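User: I should like to study this structure step by step. Please explain the reasoning behind each answer.

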Amino acid sequence: MTEKPKNSDIRIRRTGGAGLNAQWQWEVLDAEGNVLKKGTALGEEHKAFATARKAKEKLGL
């Protein structure tokens, strides 16, 4: 029996501010588009993505 690979996606969007004061909302989605985990981050875009990636890794995806 083979397992299907777990496909998931990370989405981030800016909800306010600019530059170092930018506010980001991130979501980790499963293959069907259901939200598995969500949160917020403050700062630059790459920091928000890194926060979401760490949350995804903790979920085991």
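User: Which residue just after α1 takes a positive phi?

Analyst: The model is a predicted one. Helix α1 covers residues 45-58. Just after α1, a positive phi of about 85° is found at G60.

User: How far apart are the end C-alpha atoms of helix α1, and what span should its 14 residues have?

Analyst: The expected span rests on a value of 1.5 Å a residue. For the 14 residues of α1 the span should therefore be 20 Å. The end C-alpha atoms agree with this, being apart by 20 Å.

User: Why are the buried residues of α1 placed on the same side of the helix?

Analyst: The buried residues of α1 are A48, A52, A55 and K56. They lie on the same side of α1 because the arc they cover around the axis is only 105°. The face turned away from this buried side carries the exposed residues H46, K54 and K58.

User: In what order do the strands of the open sheet lie?

Analyst: The sheet has 3 strands, and their pairing is antiparallel. Its edge strands, each pairing on one side only, are β1 and β3. The order is thus β1-β2-β3.

User: Which elements supply at least two residues each to the largest nonpolar core?

Analyst: The core has 9 residues in all: I10, A22, W24, W26, V28, A41, A48, A52 and A55. Within the sheet, I10 stands opposite V28 in β2. The elements that each supply at least two residues of this core are β2 and α1.

Terms used
Residues are numbered from 1 along each chain as its sequence is written. This is a predicted model: local features need pLDDT of at least 70, side-chain atom pairs count only at pLDDT 80 or more; totals for chains, interfaces and linings use all residues. Side-chain values use heavy atoms; hydrogens and water are left out. Helices (H or I, at least four residues) and strands (E, at least two) are DSSP runs, numbered from the N terminus. The expected span of a helix is 1.5 Å times one less than its number of residues. Buried means under 20% relative accessible area, exposed over 50%, partly exposed in between (1.4 Å probe, protein chains only). The arc is that of the directions from the helix axis to the C-beta atoms. A nonpolar core is a set of buried Ala, Val, Leu, Ile, Met, Phe, Trp, Tyr and Cys residues joined through side-chain atoms within 4.5 Å. Two strands pair if DSSP finds at least two bridges between them.
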